[in-house]
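Work through these short exercises with the model open. Try each one before reading its solution.

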Amino acid sequence: MTVRMKIVIRVWVLTLILAIDAYGRNQVVADSVSHSPLSYASVFNKNGKLIGQCERNGEIPYFTLSEYPLTIRCMGYCEQIVHRNNSDTIFMQEKVTALPEIIVESRNRKILHMLAYVREYSTLTSFTDTIFMFREKTVDFMMPQDIQSTKGWRKPRVLASKSYFQFTDTHGTDSVSDACDYHFSWSDWIGILPSIDIPTKLSNKNIGSDTIYGKYSPTEIWIRGNDKLKIDIDVLADNMSRKWVPSLSSFFNDDIDFDMFKMHFNYDDNGSETIMPVDLSGYSFIIESTGRGHDMFMFNNNSPSYFVRTYAEVYIVDKSFIKASELKKWERRKLSAGNIGAFMTDVPELSPEIVALIDRVNHIDKNAVRLNFQPDHRLGSFREKETLGQSI
């Protein structure tokens, strides 16, 4: 072997070592009690930006060292900060939450009403521009116990909402606003199923897990224990998984390509073989899609393809059974946007990046913006303001 070849090999080995060292090592996220892996936990970088999800085995994807420290978030668990030098296994501690006890005072109260708090992080990306949106919402669900009943709504109905947008172009120039002409959120389409049968493998068991396989990969992972039921779903793994999102059935046949569609549900275990909406304590989901999406996004037909990512966390705040007469009152009820999230005490703190975005939007001087706006005279005639005498 010549000297030149030895030098080339050494340089190649050194480059490989530096490249490996530039990324975090293989780490796994698991439950602190059962030590079972937590699949599809969400991963945020040091700036609070969602950058990925854990694999089915709980493995954290490789990220560059510049992304650290990472924040791992999974519904029902306290969030964890992960540093480059942490151990290979990151144990997540389960969060203890208690909702008010539901009391049914009369047989006439046959409709379940649920209030929820939603945090949503959505991004719309084209070849030249990016729109990021953080949104807080108070929503409700109205679900009759009679499954055949048409009254009520199983998709989240928005009672109050606040949105914060950041617009960025290819040159890095950005601006913020509390409004946007484009609707690119998936969160209002993800609702609650009337009932779900527990897998046969978990019947008559207090503790256990079951993995249901789709055509190519696992589509549902069930974990039962500590009076809780956790379900991880990969909607794209099998057509049967679409039963979890009946409101989106038409989009699967449209011109939108879903690149990722994963969901996580937390239920209180009622001890039966069927879980009901009243048992739900919260859920989260991440959706990535590519396509124009004319029906949903209201873009121009000639517009290029867009990449959309929506990540949302839904926290159930209150549950109560009501009468049919009370349903009509809720149909007309709206809440003040100033009270969104004020009643929540067990949600993660917002990242500094989101706090800074909210502060920028809240400090927009809208009057100054309107005064500085220069109309485009090409769009119409323009005349100086006349006095009354000149007009006459």
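The exercises below use a predicted model and deal with backbone angles and burial.

**Exercise 1.** Find which residues the cis peptide bond at Pro69 joins, and place Pro69 in the fold.

Solution.
- Start with the general rule: most peptide bonds are trans.
- Now check omega. For the bond between Tyr68 and Pro69, omega is about 0 degrees.
- That bond is cis.
- Then locate Pro69. The loop between β4 (59-60) and β5 (70-73) holds Pro69.

**Exercise 2.** What is the sign of phi at His35, and where does His35 lie?

Solution.
- Recall the background: most residues other than glycine have a negative phi.
- Read the angle. His35 has a positive phi, about 60 degrees, although His35 is not a glycine.
- Place the residue. His35 sits in the loop between β1 (27-31) and β2 (42-44).

**Exercise 3.** Is Tyr40 buried or exposed? Give its phi as well.

Solution.
- Locate Tyr40 in the loop between β1 and β2.
- Read phi: about 65 degrees, a positive value, although Tyr40 is not a glycine.
- Take the relative accessible area of Tyr40, which is 7%.
- Apply the cut-off: buried means under 20%.
- Tyr40 is therefore buried, at 7%.

**Exercise 4.** How is His183 classed by accessibility, and what separates its C-alpha atom from that of Leu124?

Solution.
- Find His183 in the loop between β11 (174-177) and β12 (196-197).
- Its relative accessibility is 25%, so His183 counts as partly exposed.
- Compare positions. His183 and Leu124 are 59 residues apart along the chain, and their C-alpha atoms are separated by 9.5 Å.

Methods
Residues numbered from 1 in each chain as written. Predicted model: local features only at pLDDT ≥ 70, side-chain atom pairs only at ≥ 80, totals over all residues. Heavy atoms only, no water. Helix = DSSP H or I, 4+ residues; strand = E, 2+ residues; numbered from the N terminus. Buried < 20%, exposed > 50% of the residue type's maximum accessible area, 1.4 Å probe, protein only.
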